[in-house]
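This report describes a single protein chain and the two ligands modelled with it. The sequence and structure are shown first.

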Amino acid sequence: MRTQVGIIGAGPAGLLLSRLLALRGIDTVVLENRSREYVEARIRAGILEQHTVDTLADAGVGDRLQREGLEHHGIYLQYPGTRHKLSFPELCGRTVWVYGQTEVVKDLIAAQLDGGPPLLFDVSDVLPEDVDTDSPRIRFTDADGVPQVLECDVIAGTDGFHGVSRPVVAGGTQGKLWERTYPYAWLGILADVAPSTDELIYAWHPDGFALHSMRSPSVSRLYLQVDPAEKIEEWSDDRIWTALADRFALDGWELHTGPITEKSVLPMRSFVSAPMRRGRLFLAGDAAHIVPPTGAKGLNLAVADVTLLASALVRLLREKQTDLADSYSDRALARVWRCTHFSWWMTSMLHRSGDDFDAELQLSQLRRVCGSESAARELAENYTGLPLDLSP
Ligand code: APR
Ligand code: PHB
(Lines give C-alpha, C1' and ligand atoms only; values in the text may rest on other atoms or scores of the structure.)
(Ligands and ions follow the chains in the order given, each with its own letter.)
Protein backbone atom coordinates (compact mmCIF):
# COMPACT_ATOMS: atom_id res chain seq x y z
CA MET A 1 0.00 0.00 0.00
CA ARG A 2 1.18 3.54 -0.75
CA THR A 3 -0.16 7.00 -0.07
CA GLN A 4 1.17 10.55 0.21
CA VAL A 5 0.04 11.19 3.80
CA GLY A 6 -0.59 8.31 6.20
CA ILE A 7 -2.87 9.53 8.97
CA ILE A 8 -2.99 7.71 12.32
CA GLY A 9 -6.28 8.23 14.20
CA ALA A 10 -9.81 9.10 13.04
CA GLY A 11 -10.73 11.74 15.60
CA PRO A 12 -11.65 15.22 14.42
CA ALA A 13 -7.97 16.09 13.73
CA GLY A 14 -7.19 13.10 11.48
CA LEU A 15 -10.52 13.10 9.66
CA LEU A 16 -10.45 16.83 8.94
CA LEU A 17 -6.82 16.70 7.81
CA SER A 18 -7.68 13.94 5.35
CA ARG A 19 -10.57 16.01 4.01
CA LEU A 20 -8.58 19.27 3.69
CA LEU A 21 -5.80 17.43 1.85
CA ALA A 22 -8.23 15.60 -0.48
CA LEU A 23 -9.72 18.96 -1.49
CA ARG A 24 -6.21 20.04 -2.50
CA GLY A 25 -5.42 16.88 -4.47
CA ILE A 26 -3.29 15.06 -1.87
CA ASP A 27 -3.91 11.34 -1.23
CA THR A 28 -4.30 10.06 2.30
CA VAL A 29 -5.15 6.85 4.13
CA VAL A 30 -6.61 7.11 7.65
CA LEU A 31 -5.94 4.27 10.12
CA GLU A 32 -8.13 4.00 13.23
CA ASN A 33 -7.73 1.32 15.89
CA ARG A 34 -11.33 1.51 17.16
CA SER A 35 -14.59 0.61 15.42
CA ARG A 36 -16.74 3.16 13.62
CA GLU A 37 -19.50 2.62 16.22
CA TYR A 38 -17.10 3.35 19.08
CA VAL A 39 -15.71 6.50 17.48
CA GLU A 40 -19.19 7.81 16.67
CA ALA A 41 -20.50 7.18 20.20
CA ARG A 42 -17.75 8.99 22.15
CA ILE A 43 -19.22 11.99 23.93
CA ARG A 44 -17.01 15.05 23.93
CA ALA A 45 -17.37 18.83 24.26
CA GLY A 46 -19.49 20.95 22.00
CA ILE A 47 -18.43 24.56 21.44
CA LEU A 48 -17.11 25.56 18.00
CA GLU A 49 -15.29 28.82 17.31
CA GLN A 50 -16.24 30.71 14.16
CA HIS A 51 -12.95 29.63 12.56
CA THR A 52 -13.83 26.00 13.21
CA VAL A 53 -17.32 26.45 11.74
CA ASP A 54 -15.89 28.19 8.65
CA THR A 55 -13.25 25.48 8.18
CA LEU A 56 -15.86 22.70 8.38
CA ALA A 57 -18.11 24.57 5.92
CA ASP A 58 -15.21 25.15 3.49
CA ALA A 59 -14.38 21.46 3.77
CA GLY A 60 -17.93 20.61 2.64
CA VAL A 61 -19.07 19.16 5.97
CA GLY A 62 -21.03 22.14 7.30
CA ASP A 63 -24.58 21.40 6.10
CA ARG A 64 -25.94 19.66 9.19
CA LEU A 65 -23.97 22.04 11.39
CA GLN A 66 -25.70 24.96 9.64
CA ARG A 67 -29.10 23.33 10.15
CA GLU A 68 -28.77 21.92 13.65
CA GLY A 69 -25.97 23.96 15.28
CA LEU A 70 -27.04 26.66 17.73
CA GLU A 71 -25.35 30.04 17.38
CA HIS A 72 -24.52 31.52 20.80
CA HIS A 73 -23.91 35.18 21.44
CA GLY A 74 -22.28 34.97 24.83
CA ILE A 75 -22.00 33.18 28.15
CA TYR A 76 -23.18 33.85 31.68
CA LEU A 77 -20.64 34.04 34.47
CA GLN A 78 -22.23 33.34 37.82
CA TYR A 79 -21.17 33.69 41.46
CA PRO A 80 -23.50 33.83 44.47
CA GLY A 81 -26.15 36.49 43.91
CA THR A 82 -24.97 37.45 40.41
CA ARG A 83 -25.44 36.04 36.91
CA HIS A 84 -23.76 38.33 34.41
CA LYS A 85 -23.98 38.00 30.63
CA LEU A 86 -20.91 38.62 28.51
CA SER A 87 -22.12 39.56 25.03
CA PHE A 88 -19.52 38.37 22.53
CA PRO A 89 -20.75 40.41 19.51
CA GLU A 90 -20.57 43.60 21.61
CA LEU A 91 -17.18 42.76 23.09
CA CYS A 92 -15.37 41.35 20.07
CA GLY A 93 -17.75 41.10 17.12
CA ARG A 94 -17.79 37.28 17.08
CA THR A 95 -20.01 34.39 18.17
CA VAL A 96 -19.59 30.64 18.86
CA TRP A 97 -21.68 27.58 17.93
CA VAL A 98 -23.02 24.73 20.03
CA TYR A 99 -22.67 21.49 18.04
CA GLY A 100 -21.33 18.30 19.63
CA GLN A 101 -17.91 17.06 18.62
CA THR A 102 -19.56 13.65 18.25
CA GLU A 103 -21.72 15.15 15.48
CA VAL A 104 -18.66 16.74 13.81
CA VAL A 105 -17.00 13.31 13.76
CA LYS A 106 -20.13 11.63 12.33
CA ASP A 107 -20.31 14.23 9.55
CA LEU A 108 -16.62 13.80 8.70
CA ILE A 109 -16.87 9.99 8.65
CA ALA A 110 -19.99 10.09 6.45
CA ALA A 111 -18.20 12.38 3.96
CA GLN A 112 -15.09 10.19 3.99
CA LEU A 113 -17.01 6.97 3.38
CA ASP A 114 -18.98 8.66 0.58
CA GLY A 115 -16.23 8.50 -2.04
CA GLY A 116 -13.49 10.07 0.10
CA PRO A 117 -10.01 8.68 0.79
CA PRO A 118 -9.65 5.25 2.46
CA LEU A 119 -10.56 5.12 6.15
CA LEU A 120 -9.73 1.81 7.85
CA PHE A 121 -11.33 1.05 11.22
CA ASP A 122 -10.39 -1.74 13.65
CA VAL A 123 -6.70 -1.83 12.73
CA SER A 124 -4.10 -2.75 15.37
CA ASP A 125 -0.34 -2.73 16.08
CA VAL A 126 0.03 0.65 14.36
CA LEU A 127 3.66 1.84 14.25
CA PRO A 128 5.27 4.75 12.36
CA GLU A 129 8.76 3.85 11.10
CA ASP A 130 11.73 5.54 9.42
CA VAL A 131 10.31 8.98 10.11
CA ASP A 132 13.76 10.58 9.81
CA THR A 133 13.87 9.61 6.10
CA ASP A 134 11.85 10.96 3.13
CA SER A 135 10.06 7.62 2.80
CA PRO A 136 8.54 6.75 6.17
CA ARG A 137 6.04 3.92 6.54
CA ILE A 138 3.32 2.77 8.90
CA ARG A 139 3.14 -0.88 9.89
CA PHE A 140 -0.23 -2.13 11.10
CA THR A 141 -2.48 -5.16 11.24
CA ASP A 142 -5.74 -4.79 9.31
CA ALA A 143 -9.23 -5.69 10.56
CA ASP A 144 -8.80 -9.24 9.16
CA GLY A 145 -5.63 -9.76 11.16
CA VAL A 146 -3.30 -9.42 8.14
CA PRO A 147 -0.03 -7.46 8.67
CA GLN A 148 0.25 -4.48 6.28
CA VAL A 149 2.80 -1.81 5.38
CA LEU A 150 1.66 1.66 4.25
CA GLU A 151 4.47 3.50 2.44
CA CYS A 152 4.12 7.30 2.79
CA ASP A 153 5.77 10.63 2.00
CA VAL A 154 4.59 12.04 5.32
CA ILE A 155 2.86 10.67 8.44
CA ALA A 156 0.37 12.65 10.51
CA GLY A 157 0.10 11.56 14.14
CA THR A 158 -3.47 12.51 15.04
CA ASP A 159 -3.97 9.61 17.41
CA GLY A 160 -4.91 11.51 20.56
CA PHE A 161 -3.37 11.58 24.00
CA HIS A 162 -2.88 7.79 24.28
CA GLY A 163 -1.62 7.27 20.72
CA VAL A 164 1.64 5.81 19.42
CA SER A 165 2.93 8.85 17.51
CA ARG A 166 4.00 11.17 20.33
CA PRO A 167 6.45 8.64 21.85
CA VAL A 168 8.09 8.28 18.41
CA VAL A 169 8.50 12.07 18.11
CA ALA A 170 9.74 12.39 21.70
CA GLY A 171 12.20 9.51 21.19
CA GLY A 172 14.08 11.28 18.42
CA THR A 173 14.06 14.97 19.27
CA GLN A 174 15.41 17.21 22.02
CA GLY A 175 11.82 17.56 23.10
CA LYS A 176 10.10 18.74 26.21
CA LEU A 177 6.86 17.94 28.02
CA TRP A 178 4.88 20.15 30.32
CA GLU A 179 2.05 18.81 32.46
CA ARG A 180 -0.32 20.15 35.08
CA THR A 181 -2.91 17.97 36.76
CA TYR A 182 -5.74 19.63 38.63
CA PRO A 183 -7.14 18.48 41.97
CA TYR A 184 -10.67 18.28 40.54
CA ALA A 185 -12.66 16.47 37.87
CA TRP A 186 -15.97 17.04 36.10
CA LEU A 187 -19.00 14.83 36.48
CA GLY A 188 -20.78 15.30 33.15
CA ILE A 189 -24.36 14.35 32.28
CA LEU A 190 -26.54 14.37 29.20
CA ALA A 191 -30.23 14.77 29.95
CA ASP A 192 -33.40 14.70 27.88
CA VAL A 193 -34.65 18.07 29.01
CA ALA A 194 -34.81 21.47 27.33
CA PRO A 195 -31.96 23.73 28.45
CA SER A 196 -32.99 26.04 31.30
CA THR A 197 -30.91 28.86 29.82
CA ASP A 198 -30.39 30.64 26.49
CA GLU A 199 -26.59 30.84 26.89
CA LEU A 200 -24.11 28.58 28.72
CA ILE A 201 -23.75 29.29 32.45
CA TYR A 202 -20.30 29.01 34.09
CA ALA A 203 -21.00 29.09 37.82
CA TRP A 204 -18.62 29.57 40.75
CA HIS A 205 -20.14 28.19 43.96
CA PRO A 206 -18.79 27.42 47.46
CA ASP A 207 -19.60 23.71 46.81
CA GLY A 208 -17.68 23.74 43.50
CA PHE A 209 -17.97 24.80 39.87
CA ALA A 210 -20.97 23.94 37.68
CA LEU A 211 -21.55 24.40 33.94
CA HIS A 212 -24.87 24.39 32.13
CA SER A 213 -24.39 23.58 28.45
CA MET A 214 -26.64 21.97 25.87
CA ARG A 215 -26.70 19.91 22.70
CA SER A 216 -30.06 20.81 21.16
CA PRO A 217 -33.37 22.50 22.08
CA SER A 218 -34.34 19.27 23.87
CA VAL A 219 -31.02 17.94 25.23
CA SER A 220 -29.01 19.53 28.03
CA ARG A 221 -25.37 18.86 28.93
CA LEU A 222 -24.36 19.75 32.49
CA TYR A 223 -21.22 19.39 34.56
CA LEU A 224 -20.35 19.47 38.28
CA GLN A 225 -16.90 19.88 39.81
CA VAL A 226 -16.16 16.74 41.82
CA ASP A 227 -13.15 15.11 43.41
CA PRO A 228 -11.06 13.13 40.85
CA ALA A 229 -11.42 10.02 43.05
CA GLU A 230 -15.23 10.41 43.10
CA LYS A 231 -17.13 7.22 42.34
CA ILE A 232 -19.88 7.75 39.79
CA GLU A 233 -22.02 5.07 41.51
CA GLU A 234 -22.30 7.40 44.50
CA TRP A 235 -24.03 10.02 42.38
CA SER A 236 -27.69 9.09 41.97
CA ASP A 237 -29.67 11.15 39.47
CA ASP A 238 -31.41 12.90 42.38
CA ARG A 239 -28.12 13.80 44.02
CA ILE A 240 -26.82 15.22 40.70
CA TRP A 241 -29.92 17.35 40.08
CA THR A 242 -29.93 18.62 43.68
CA ALA A 243 -26.25 19.63 43.47
CA LEU A 244 -26.82 21.33 40.10
CA ALA A 245 -29.87 23.21 41.42
CA ASP A 246 -27.87 24.40 44.46
CA ARG A 247 -24.90 25.58 42.44
CA PHE A 248 -26.96 27.41 39.79
CA ALA A 249 -29.48 28.82 42.30
CA LEU A 250 -30.64 32.34 41.51
CA ASP A 251 -33.79 34.20 42.59
CA GLY A 252 -36.53 33.91 39.97
CA TRP A 253 -34.77 31.18 37.95
CA GLU A 254 -35.41 27.45 37.92
CA LEU A 255 -33.39 24.47 36.69
CA HIS A 256 -35.54 22.04 34.69
CA THR A 257 -34.74 18.39 35.30
CA GLY A 258 -35.30 15.31 33.15
CA PRO A 259 -34.09 11.76 32.49
CA ILE A 260 -30.28 11.46 32.57
CA THR A 261 -29.11 9.42 29.57
CA GLU A 262 -25.35 9.43 30.20
CA LYS A 263 -23.04 10.22 33.08
CA SER A 264 -19.27 10.02 33.45
CA VAL A 265 -16.36 11.54 35.38
CA LEU A 266 -13.75 13.36 33.29
CA PRO A 267 -10.22 14.05 34.54
CA MET A 268 -8.71 17.48 33.94
CA ARG A 269 -5.18 18.14 32.83
CA SER A 270 -3.00 20.50 30.86
CA PHE A 271 -0.31 18.88 28.74
CA VAL A 272 1.98 20.17 25.97
CA SER A 273 4.62 18.23 24.06
CA ALA A 274 7.14 20.05 21.87
CA PRO A 275 8.24 19.96 19.13
CA MET A 276 5.18 18.78 17.22
CA ARG A 277 7.35 17.20 14.54
CA ARG A 278 10.14 14.73 14.03
CA GLY A 279 11.38 14.46 10.44
CA ARG A 280 8.41 13.37 8.33
CA LEU A 281 6.10 12.69 11.32
CA PHE A 282 3.87 15.64 12.31
CA LEU A 283 1.65 15.70 15.42
CA ALA A 284 -1.71 17.51 15.61
CA GLY A 285 -4.54 17.73 18.14
CA ASP A 286 -4.66 15.79 21.40
CA ALA A 287 -1.59 13.77 20.34
CA ALA A 288 0.46 16.89 21.15
CA HIS A 289 -1.56 18.76 23.75
CA ILE A 290 -4.48 18.53 26.18
CA VAL A 291 -6.34 21.41 27.80
CA PRO A 292 -8.88 21.21 30.63
CA PRO A 293 -12.40 21.66 29.17
CA THR A 294 -13.27 24.91 30.99
CA GLY A 295 -12.25 27.10 28.04
CA ALA A 296 -13.92 24.83 25.42
CA LYS A 297 -10.69 24.82 23.42
CA GLY A 298 -9.78 21.13 22.78
CA LEU A 299 -11.56 20.58 19.47
CA ASN A 300 -10.88 24.12 18.23
CA LEU A 301 -7.15 23.70 18.84
CA ALA A 302 -7.17 20.41 16.92
CA VAL A 303 -8.89 22.13 13.98
CA ALA A 304 -6.41 25.04 14.08
CA ASP A 305 -3.47 22.59 14.07
CA VAL A 306 -4.70 20.68 11.04
CA THR A 307 -5.52 23.88 9.15
CA LEU A 308 -1.87 24.93 9.55
CA LEU A 309 -0.64 21.40 8.85
CA ALA A 310 -2.72 20.96 5.68
CA SER A 311 -1.20 24.12 4.13
CA ALA A 312 2.30 23.06 5.19
CA LEU A 313 1.88 19.58 3.64
CA VAL A 314 0.41 20.92 0.38
CA ARG A 315 3.41 23.20 0.06
CA LEU A 316 5.84 20.40 0.91
CA LEU A 317 4.35 17.74 -1.34
CA ARG A 318 3.14 19.80 -4.32
CA GLU A 319 5.61 22.69 -4.42
CA LYS A 320 8.54 20.86 -2.77
CA GLN A 321 9.03 23.86 -0.45
CA THR A 322 9.89 23.06 3.18
CA ASP A 323 9.31 26.50 4.76
CA LEU A 324 5.79 25.95 6.11
CA ALA A 325 6.59 22.41 7.25
CA ASP A 326 9.67 23.70 9.05
CA SER A 327 7.75 26.45 10.84
CA TYR A 328 4.62 24.30 11.55
CA SER A 329 5.58 23.26 15.07
CA ASP A 330 6.47 26.77 16.26
CA ARG A 331 3.37 28.33 14.69
CA ALA A 332 1.07 25.66 16.12
CA LEU A 333 2.68 25.91 19.56
CA ALA A 334 2.21 29.70 19.72
CA ARG A 335 -1.52 29.09 19.59
CA VAL A 336 -1.37 25.99 21.80
CA TRP A 337 0.27 27.97 24.62
CA ARG A 338 -2.25 30.84 24.30
CA CYS A 339 -5.12 28.34 24.61
CA THR A 340 -3.29 26.48 27.37
CA HIS A 341 -3.07 29.71 29.34
CA PHE A 342 -6.71 30.63 28.70
CA SER A 343 -7.95 27.16 29.68
CA TRP A 344 -5.80 27.17 32.83
CA TRP A 345 -7.03 30.68 33.70
CA MET A 346 -10.73 29.81 33.29
CA THR A 347 -10.18 26.61 35.27
CA SER A 348 -8.33 28.43 38.06
CA MET A 349 -10.91 31.21 38.27
CA LEU A 350 -13.95 28.94 38.53
CA HIS A 351 -13.05 25.80 40.52
CA ARG A 352 -13.10 25.67 44.31
CA SER A 353 -9.79 24.60 45.82
CA GLY A 354 -11.17 24.57 49.37
CA ASP A 355 -8.87 27.43 50.38
CA ASP A 356 -10.58 30.67 51.49
CA PHE A 357 -7.79 32.93 50.23
CA ASP A 358 -8.11 31.33 46.76
CA ALA A 359 -11.87 31.87 46.92
CA GLU A 360 -11.52 35.62 47.56
CA LEU A 361 -9.03 35.95 44.67
CA GLN A 362 -11.44 34.10 42.37
CA LEU A 363 -14.40 36.26 43.36
CA SER A 364 -12.31 39.39 42.89
CA GLN A 365 -11.33 38.18 39.39
CA LEU A 366 -14.95 37.33 38.52
CA ARG A 367 -16.15 40.77 39.65
CA ARG A 368 -13.41 42.34 37.54
CA VAL A 369 -14.39 40.38 34.40
CA CYS A 370 -18.07 41.20 34.93
CA GLY A 371 -17.40 44.86 35.74
CA SER A 372 -14.69 45.91 33.32
CA GLU A 373 -15.19 45.97 29.56
CA SER A 374 -11.51 45.43 28.84
CA ALA A 375 -11.32 42.43 31.20
CA ALA A 376 -14.50 40.99 29.66
CA ARG A 377 -13.14 41.59 26.15
CA GLU A 378 -10.00 39.61 26.94
CA LEU A 379 -12.16 36.62 27.93
CA ALA A 380 -14.45 37.06 24.89
CA GLU A 381 -11.59 37.26 22.38
CA ASN A 382 -9.97 34.12 23.72
CA TYR A 383 -13.26 32.20 24.07
CA THR A 384 -14.47 32.96 20.55
CA GLY A 385 -11.04 32.26 19.06
CA LEU A 386 -7.94 34.28 18.30
CA PRO A 387 -6.46 34.54 14.78
CA LEU A 388 -5.07 31.30 13.36
CA ASP A 389 -1.44 32.35 13.25
CA LEU A 390 -0.21 33.94 16.49
CA SER A 391 3.50 33.67 15.79
CA PRO A 392 5.30 36.97 16.29
N1 APR B 1 -3.72 3.65 16.06
C2 APR B 1 -4.77 4.18 15.38
N3 APR B 1 -5.64 5.06 15.95
C4 APR B 1 -5.43 5.38 17.22
C5 APR B 1 -4.35 4.89 17.97
C6 APR B 1 -3.48 3.98 17.34
N7 APR B 1 -2.44 3.46 17.99
N8 APR B 1 -4.40 5.42 19.22
C9 APR B 1 -5.48 6.23 19.25
N10 APR B 1 -6.11 6.21 18.05
C11 APR B 1 -7.33 6.93 17.67
C12 APR B 1 -8.37 7.05 18.75
O13 APR B 1 -9.18 5.90 18.84
C14 APR B 1 -9.14 8.27 18.27
O15 APR B 1 -10.20 7.92 17.40
O16 APR B 1 -6.97 8.27 17.37
C17 APR B 1 -8.13 9.09 17.51
C18 APR B 1 -7.75 10.37 18.23
O19 APR B 1 -8.90 11.20 18.31
P20 APR B 1 -9.17 12.23 19.51
O21 APR B 1 -8.77 11.62 20.80
O22 APR B 1 -10.57 12.68 19.34
O23 APR B 1 -8.13 13.42 19.24
P24 APR B 1 -8.14 14.59 18.14
O25 APR B 1 -8.60 14.12 16.82
O26 APR B 1 -6.82 15.24 18.30
O27 APR B 1 -9.27 15.58 18.64
C28 APR B 1 -9.11 16.45 19.70
O29 APR B 1 -10.75 15.42 21.04
O30 APR B 1 -10.26 14.73 23.21
C31 APR B 1 -10.91 15.66 22.43
O32 APR B 1 -10.95 17.63 23.73
C33 APR B 1 -10.35 16.98 22.67
O34 APR B 1 -11.93 18.03 21.42
C35 APR B 1 -10.61 17.61 21.37
C36 APR B 1 -10.44 16.59 20.35
C1 PHB C 1 -19.97 21.08 26.43
O2 PHB C 1 -21.03 21.47 25.95
O3 PHB C 1 -19.71 19.86 26.51
C4 PHB C 1 -18.99 22.06 26.94
C5 PHB C 1 -19.26 23.41 26.77
C6 PHB C 1 -18.37 24.35 27.25
C7 PHB C 1 -17.21 23.93 27.88
C8 PHB C 1 -16.93 22.60 28.04
C9 PHB C 1 -17.83 21.65 27.57
O10 PHB C 1 -16.36 24.87 28.37
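The text below covers the overall fold, then each ligand site, then two local backbone features.

**Overall fold**

The structure is a predicted model. Its chain holds 12 helices and 22 strands. The radius of gyration is 21 Å, close to the 21 Å that the globule rule gives for 392 residues, so the chain is as compact as a globular protein of that length. Measured out along its principal axes, the C-alpha trace spans about 65 × 45 × 40 Å.

**Ligand 1**

The shell around ligand 1 is made up of 24 residues, and Glu 32, Arg 42, Arg 44, Gln 101 and Asp 286 are the closest. By class, this shell contains 9 nonpolar, 9 polar and 6 charged residues. Polar contacts to oxygen atoms of ligand 1 come from both backbone and side chain. Ala 13 places a backbone N or O atom 2.9 Å from a ligand oxygen, and Leu 299 likewise has a backbone N or O atom 2.9 Å from an oxygen of the ligand. Arg 42 contributes through its side chain, with a polar atom 2.7 Å from an oxygen atom of ligand 1. On its own, ligand 1 has 720 Å² of accessible area, of which the protein covers 88%. Two elements give two or more residues to the shell, namely α1 (12-23) and α9 (298-318). The largest contribution is that of α9, with 3 residues.

**Ligand 2**

Around ligand 2 there are 14 residues, and those that come nearest are Tyr 202, Ser 213, Arg 215, Tyr 223 and Pro 293. The shell divides into 9 nonpolar, 3 polar and 2 charged residues. In the side chain of Arg 215, an N or O atom is 2.8 Å from an oxygen atom of ligand 2. Tyr 223 also acts through its side chain, where a polar atom lies 2.5 Å from a ligand oxygen. The contact of Thr 294 is instead made by a polar backbone atom, 3.3 Å from an oxygen atom of ligand 2. Taken alone, ligand 2 exposes 280 Å², and 99% of that is buried by the protein. The space that ligand 2 takes up is the largest cavity. Strands β15 (200-203), β16 (210-216) and β17 (219-226) each supply at least two residues of the shell. Of the elements around ligand 2, β16 gives the most, with 3 residues.

The polar contacts described for the two ligands are collected here.

| Residue | Part of residue | Ligand | Distance to ligand oxygen |
|---|---|---|---|
| Ala 13 | backbone | ligand 1 | 2.9 Å |
| Arg 42 | side chain | ligand 1 | 2.7 Å |
| Leu 299 | backbone | ligand 1 | 2.9 Å |
| Arg 215 | side chain | ligand 2 | 2.8 Å |
| Tyr 223 | side chain | ligand 2 | 2.5 Å |
| Thr 294 | backbone | ligand 2 | 3.3 Å |

**Local backbone features**

Two loops carry backbone features of note. Between Ala 274 and Pro 275 the peptide bond is cis, with omega near 0°. Pro 275 belongs to the loop that runs between β19 (269-274) and β20 (277-278). The second feature concerns Asp 122, which is not a glycine but has a positive phi of about 60°. Asp 122 is in the loop between β8 (119-120) and β9 (124-129).

Definitions and conventions:
Residues numbered from 1 in each chain as written. Chains lettered and ligands numbered in written order. Predicted model: local features only at pLDDT ≥ 70, side-chain atom pairs only at ≥ 80, totals over all residues. Heavy atoms only, no water. Near = heavy atom within 4 Å. Polar contact = N/O pair within 3.5 Å; in protein donor to acceptor, adjacent residues only side chain to side chain. Areas by Shrake-Rupley, 256 points an atom, 1.4 Å probe, with all protein chains shown as cover. 1 Å grid on protein atoms, 1.4 Å probe; cavity = no way out; pocket = protein on both sides within 12 Å on 5 of 7 lines; lining within 4 Å. Sits in = over half its atoms within 2 Å of the grid points. Helix = DSSP H or I, 4+ residues; strand = E, 2+ residues; numbered from the N terminus. Nonpolar A, V, L, I, M, F, W, Y, C, P; charged D, E, K, R; others polar. Rg over C-alpha atoms; globule rule 2.2 N^0.38 Å.
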